[in-house]
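Student: Could you take one part of this structure and look at it closely, setting out what is packed against what, and then place that part in its wider surroundings?

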Amino acid sequence: MARVLLLALAVAAAPMPALAGETGPTAAPAPVLKDAIAKAAAAVPLAKARAQSGAAPVDKSELGSKSFFKKPAGIIALVVVAAGGAYMAYSMKQDRIHSVVRAGQK
Amino acid sequence: MKRTIVLALVLVMAAAGMAAAQTLTGTISGKVVDQQGAVLPGVTVTLTGKTGVKTTVSDARGEFRFVGLTPGTYDVKSELQGFRSASQSNLDVSMGKSVDVNLSMGVGGMTEVVEVVANAMTIDPTTTATDTNMAQSLLFSMPITHNNPAVSLLNYSPGVNDSSAFGGSASSGNSLMLDGVDTRDPEAGTAWTFYNYNIIDEVQVGSLGQPAEYGGFTGAIINTITKSGGNRFSLLAEYRYSTEGLGSKNATAAMIALNKNLASPTTVLTLKDYTVQLGGPLKKDKMFFFLSAQRYEISQTFTGLVRGEISPRFNGKLTWQPTSSDTITGSLQYDQYNQTGRTAFIPSYAITNHSQTIDQDSPEYIWNAQWRKVFGSSTFLEAKFLGYWGYYDLNPVSNAAAHYDAGTGAYSGGAGYWYQADRTRNQLNVSLSKYVGSHSFKFGAEIERSNVRNRFAYSPLGAGLPTGYFVDYYGAPSYAYGYTYDIKGKNKRDTFYAQDAWKVGRGLTLNFGVRGDRIRGESTTEKKDLYSTMSYGPRLGAAIDLSGKGTSVVRAFYGQMYDGAIFASWGRAVPGLTDFITYTVGPNWKSVKEDSRVPATLKYKVGDNLKHPRVDEVNVSWDQQIGRAFKFTATGIYRNWKNFINSMLIGGTWTPNTFNSTFTNQSPVIGPTQLQLFKWGNKGVVPQQFLIQNTDNVDYNLTNGSVLHAAGTRQYKGIMLQFQRALRDRWQAQISYVLSSTTGTIRNSSTSGVSSGQFETPNTIVVNAGGPTDYDRRHEVKIFAGYQIPKAEISVNAYFRYLSGWPYSPYVRVGTGTTAWSSTLNINLVERGYFVTPNSTNLDLRFEKVFDIGLHRFGIYADISNTLNRAYMTSPQTRYPNISLTDLKGKSFTVKFGDPTAINAGRQITLGGRWSF
């Protein structure tokens, strides 16, 4: 139990570069990630906090255009939503517990 | 050249405040002045939100107003030739709340902008409602359970525990609103529809000092608004996972010694919770969509058995803004609530194998269509048609009859019964808000029609035998009972309300309102109304802005709130119940023979001139803003419930009869106990028929000619202290302490105040029925706190709760020989509250690591519930002297009075990851 807890904390506390390394990095993404961290850390704390609560006032104008979904991140987002939704819809039939009594009434 | 000047000043609350008037929308209003404080008419004021831009022009008094706003974050900007522009960013608009802004414009170029940073914590100086809201930042970051969000969020709020809000009845006393849809079961008020925690955009818990537009509750309202699409595409993909290996057992050796089944407490075997959501524009500023899909899957053990739930949930919402003043919204939810391993006749603590459980089939739809129309800046119309449909069928795994041993308290046999429940609820709500001078009027009408159908049958007592259940006595056959029912009814509620918030001046706002509820209950089969009440609930309040800046506000409120339409209060008078038959049982339970029969026809009838259950409330509160991010609130509360509805025997007379109990207790010293009970004196002379009536004050005729008086009472007195620290500089907190007392003869568990047999004999209302109620938690401390660690960018969020224990008392089952009643009665041996379970503490934690990469936010987190792995009793054994249970090997053992039959869950870690933009 304690080991699991420690593992969870360790994962949560892992420094960014370490995690980036685990995900099979090339040399290029690391600086990008690093820049992002520096940028995020430099942000006004209130703005950051608001961003995390889903009410981000940061510039996301790119998300206002459908062209976003022609970019890799947008395509991945569509795939995740479509695949996730389709899987849930498909498995719904297997999930259902059909009432014996109600089926008999039909 | 554009120049931005951040002043970071305390936002001055404008004098022209608006009332808390819209149930699902908010208001931004304010005044534009020059540097000398003179009003500026003709200023163009622009509001920017996630669905586009709105503009208005300040009037002759320099005032402007945006009404009917969807809750969210907005920016306001004022522009006038020859003046520097002024703007206010990040204004948080909550449902039913008004945000007031003063914009000060100095002489200069229009391209220069003076930006004022809003207070992180604001107070609405015009409302009498005491907030017990949970801030959005708390909802997002705290380790809050995602299961059954409406009820669980209610219980995280100050003053609410065990679903009892400020002394109100659990379940039936609370209104559970989802985008304006009352999602309660119209039968008895329990949560009927369950939704995805991740579709919540904003939650408001209202209970104290509510204006007339809020009704249908005598406890609290939880008002949830779901997410919508906006001008920017947004995504959430989340996965949460837990397993048995991430959990811990918490029962102590001492607890297990008292009840060996506690060695196998309820624990999570697997939890898999997937959500994907996408929202955005179909046409910029005009049309938006939001789609969500979830699969919630959990399996748990309880006393060694497995209980499973798989709930797929799908949500879709379309928002259309054909003009800048019209918003049309349509939404639909479909979900299933599939459960296996549910308990039925046999309580969970006594179940020993899966065949004693039932499976549940529950599909349901929730629909919602809304139109909002803004006429100028002073009139706002809102119309909604909403409702839900669903059913649940309980199907026993084994159709064998259930057994209850009246001698030992043990259970055996199968799950025991079938049950099918069908529900439909439709509501039409229309409201008109009108702002005239210093008045903020709101008028509204609501029509509700909700259908209830319940079908029930016990399992057969054996092959070729009627349905029923066996009552044994120390392992031998004794007798059996049986009946079935198919009842259908319709709640019909017609409501109107009118309210005004009158800004008198000098910081004083008077709130007036009245709400009228006409509630009828129709027997669908007979097509006639059995229940009919007309209630008028006044709401009177005053709010005084002591500081003139909205930073120190004192409020006072008196109001009468009526319950919603509850089928359970009159449903027993609906035909469809078969005769109640008692059987003698042959050897080895192989045969039964009818012994007696209580005719079902007209067994219950509804009395005339009934009054609908209500609560009278008086509260006084003080809100004090401290700095820009802190708020302190102190509230004193008094509540008194009235118009309880219960059933009484028609024409019964009662003979005092002494009952001797061997009950003894060392600390405090009690017993042996002698109780003055009452025997049905004219049994056989008058039939066992009941009148459903108000039971605030009733009399029982004794056979010696005297009269025995009984009263249905419940009162709540409390002091609530709240300290809120808005999310700023990496930390936030919400701390509350409630000292309270709830006493009376009517319990606050579920439907005790609207439907029970407590008054059918004097024994259960006169004999030790008073004292602290079930959910009287004397001391309550709840703390939410979060901190984001710099550099590591890990947020640590904690929820801590301390609660006093539950009051309880020992009872004995008194047989029919003593009371001449048709069944055994549970009689308290001492007044309720003589015993209290131990206090409980709980600490939940969330650690989240956030990665912000461009537009994308990735988070991985661990939720640790019951971090300290504390164990506390959640259910004491209250039967004296003991009950008999069966362990997982089928071996019987006894649990004594006061020992635990259930404890809380042990530590459980849930891991989660989410991607959003």
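Tutor: Two residues are taken to be in contact if their C-beta atoms, placed from the backbone, lie within 7 Å. The model is predicted, and what follows should be read with that in mind. The part I would choose is helix α2 of chain B, residues 149-156, in which Pro149(B), Ala150(B), Leu153(B), Leu154(B) and Tyr156(B) are buried. Seen down the axis of α2(B), these buried residues fall within an arc of 160°, so they line one face of the helix. The general background is that an α-helix has 3.6 residues a turn, so residues three or four places apart point the same way. What covers the buried residues of α2(B) includes five strands of chain B, namely β10 (160-161), β11 (164-165), β12 (175-178), β14 (200-206) and β15 (221-226).

Of these strands, β15(B) repays a closer look, since six of its six residues are buried, where buried means that 20 or more other C-beta atoms lie within 10 Å of a residue's own. Both of its faces are covered, with Ile221(B), Asn223(B) and Ile225(B) buried on one side and Ile222(B), Thr224(B) and Thr226(B) buried on the other. Two other strands from the cover of the helix also pair with β15(B): β12(B) does so in the parallel sense over four bridges, whereas β14(B) does so in the antiparallel sense over six bridges. Individual residues show how the strands are set against each other, for Met177(B) has Asn223(B) of β15(B) as its bridge partner, while Val205(B) stands opposite Ile222(B) in β15(B).

As for the surroundings, chain B is divided into domain 1 (3-117), domain 2 (136-225) and domain 3 (226-916). The contact between domain 1 and domain 2 of chain B takes seven residues from the former and nine residues from the latter. On the side of domain 1 of chain B that touches domain 2, the residues divide into four nonpolar, three polar and no charged.

Elsewhere in chain B, three strands form an open sheet in the order β5-β2-β8, with mixed pairing. The strands β5 (63-69) and β8 (98-105) of chain B stand at its edges, each with a single partner strand, so one side of each is left without a neighbour in the sheet. Neighbouring strands of this sheet are turned by 15° against each other on average, direction ignored. Within it, eight bridges join β2(B), residues 26-34, to β8(B) in parallel, and Ser29(B) has Asp100(B) as its bridge partner in β8(B).

Another open sheet of chain B has four strands in the order β42-β41-β44-β45, and its pairing is mixed as well. Its edge strands are β42 (673-680) and β45 (707-711) of chain B, each of which pairs on one side only, and the twist averages 45° from one strand to the next. Inside this sheet, β41 (residues 653-661) and β44 (residues 697-702) of chain B pair in the parallel sense over two bridges, with Leu702(B) in β44(B) as the bridge partner of Trp654(B).

Chain A, finally, has six helices and zero strands, and buried residues make up 14% of its 106 residues.

How values were computed:
Residues numbered from 1 in each chain as written. Chains lettered and ligands numbered in written order. Predicted model: local features only at pLDDT ≥ 70, side-chain atom pairs only at ≥ 80, totals over all residues. Pairing = 2+ DSSP bridges. Axes fitted to C-alpha atoms, helices over the stretch in contact; angles between N-to-C directions. Buried ≥ 20, exposed ≤ 12 C-beta atoms within 10 Å, placed from the backbone. Arc of directions from axis to C-beta. Domains from an automatic or database assignment. Nonpolar A, V, L, I, M, F, W, Y, C, P; charged D, E, K, R; others polar.
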